[in-house]
Amino acid sequence: MLPGEYGFIAQLNEGRHLQKRPTEFRVDQVLQPFDPKKFNFTKVGQEEILFQFGPSEDNVSEFYEKAPVLSSPNVVAINVSPIEYGHVLLVPRVLDRLPQRIDQDSFLLALYMAAEANNPYFRLGYNSLGAFATINHLHFQAYYLAAPFPIERAPTTRVSYGRKKGGVKVYELSKFPVRGLVFEMCNSLEDLSVAVANACVYLQNNNIPYNVLITDRGSRVFVLPQCFAERQARGEVDQEILDTQVNPAVWEISGHIVLKQRKDYDLATEEYAWKLLAEVSLSAERFEEVKAECLKAAFEGPPSDSMAQPPALPNGGSYNLLEKEQAVLIKSNIHKANSMDGVVPNVGEVGVEG
């Protein structure tokens, strides 16, 4: 933990960047079609799959050593390039081959997983394309970290957004190097999921890269639009920052900074962490514009065309979207965990990371 006011966490992980899969898609487009020819989670080794995570039928959380496998299950897999204890990936409806894009059902699933873990040290994160997701197959990351993230301790200011919305409270980070919004649950995970997912849909459809952090057992969500890749492409990022090869994704932005070189770890300071994250943030003027539109989308719903189907698959394929009956089941309050047996058909390429 770096000395200073914020308690930024520096970690040396020299091997991770050598094991990470290279990014295989454009970084200037948040929404891109799923490409089955590129690495995706239907290609992971069977030994990497831990269990499926599905809705309970009796409002009781249970683990089944052996259970029927759903036609396209929500799977939890290990991250073979981990950065902390229990580093896993949640892949909603893995065999539907969804691209990296949030919708209400997938985001509610992530909130349920945080609630079921029921541990304040367990957080889930999401990186959009353009914000350092490296695989264009819908997934969330999660791990345990037995310390508060600096972003969780950062002061916030209540945001006014018109008429009262009883289900969710919204705050703005007020003293942190990255500007962002904080959504807090008042009544239910479902209310929180709708508001956050709608804001994410706005960001996606307007090609604004973003990261999401889920904390406090699913009751608190940070939404963080960012512009690091754009600034890097324009040559505006300090070379000292680029030399560290740190890609500021959700964990780095939250204050857990994974460094790849011993010399950078030995010299890391709170000043360096602040400088790195400041390169990520939208300008004050731009953030105000994005904030207003995110709040409008969150509580009034995105424009009618914002919930359009994902981009068409190459060669005229199509997505197997959730049926209405399945969506109702996914929204039940409690989920159960099932062990996996033969879920992923195309065993072969190994190397899951988010």
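Is D238 buried, exposed or partly exposed? D238 counts as partly exposed, with 30% relative accessibility (buried is under 20% relative accessible area, exposed over 50%, partly exposed in between, using a 1.4 Å probe and protein chains only).

This is a predicted model, where local features need pLDDT of at least 70 and side-chain atom pairs count only at pLDDT 80 or more, while totals for chains, interfaces and linings use all residues. Residues are numbered from 1 along each chain as its sequence is written, and side-chain values use heavy atoms, leaving out hydrogens and water.

**View 1. D238 and K275 form a salt bridge.** Their closest N and O atoms are 3.3 Å apart (a salt bridge is a side-chain nitrogen of Lys or Arg within 4 Å of a carboxyl oxygen of Asp or Glu). D238 sits in the loop between α5 and α6, and K275 lies 37 residues away in helix α9 (helices are DSSP runs of H or I with at least four residues, strands are E runs of at least two, numbered from the N terminus). K275 is also partly exposed, at 32%.

**View 2. Helix α10 has buried residues along one face.** Among the buried residues here are F287, V290 and L295. Seen down the axis, the buried residues fall within an arc of 165°, so they line one face (the arc uses directions from the helix axis to the C-beta atoms). The face turned away from the buried side carries the exposed residues E285 and E300.

**View 3. E288 meets K291 within α10.** This salt bridge brings the closest N and O atoms to 3.1 Å. The partners are three residues apart, about one helical turn. E288 is partly exposed at 39%, whereas K291 is buried at 12%.
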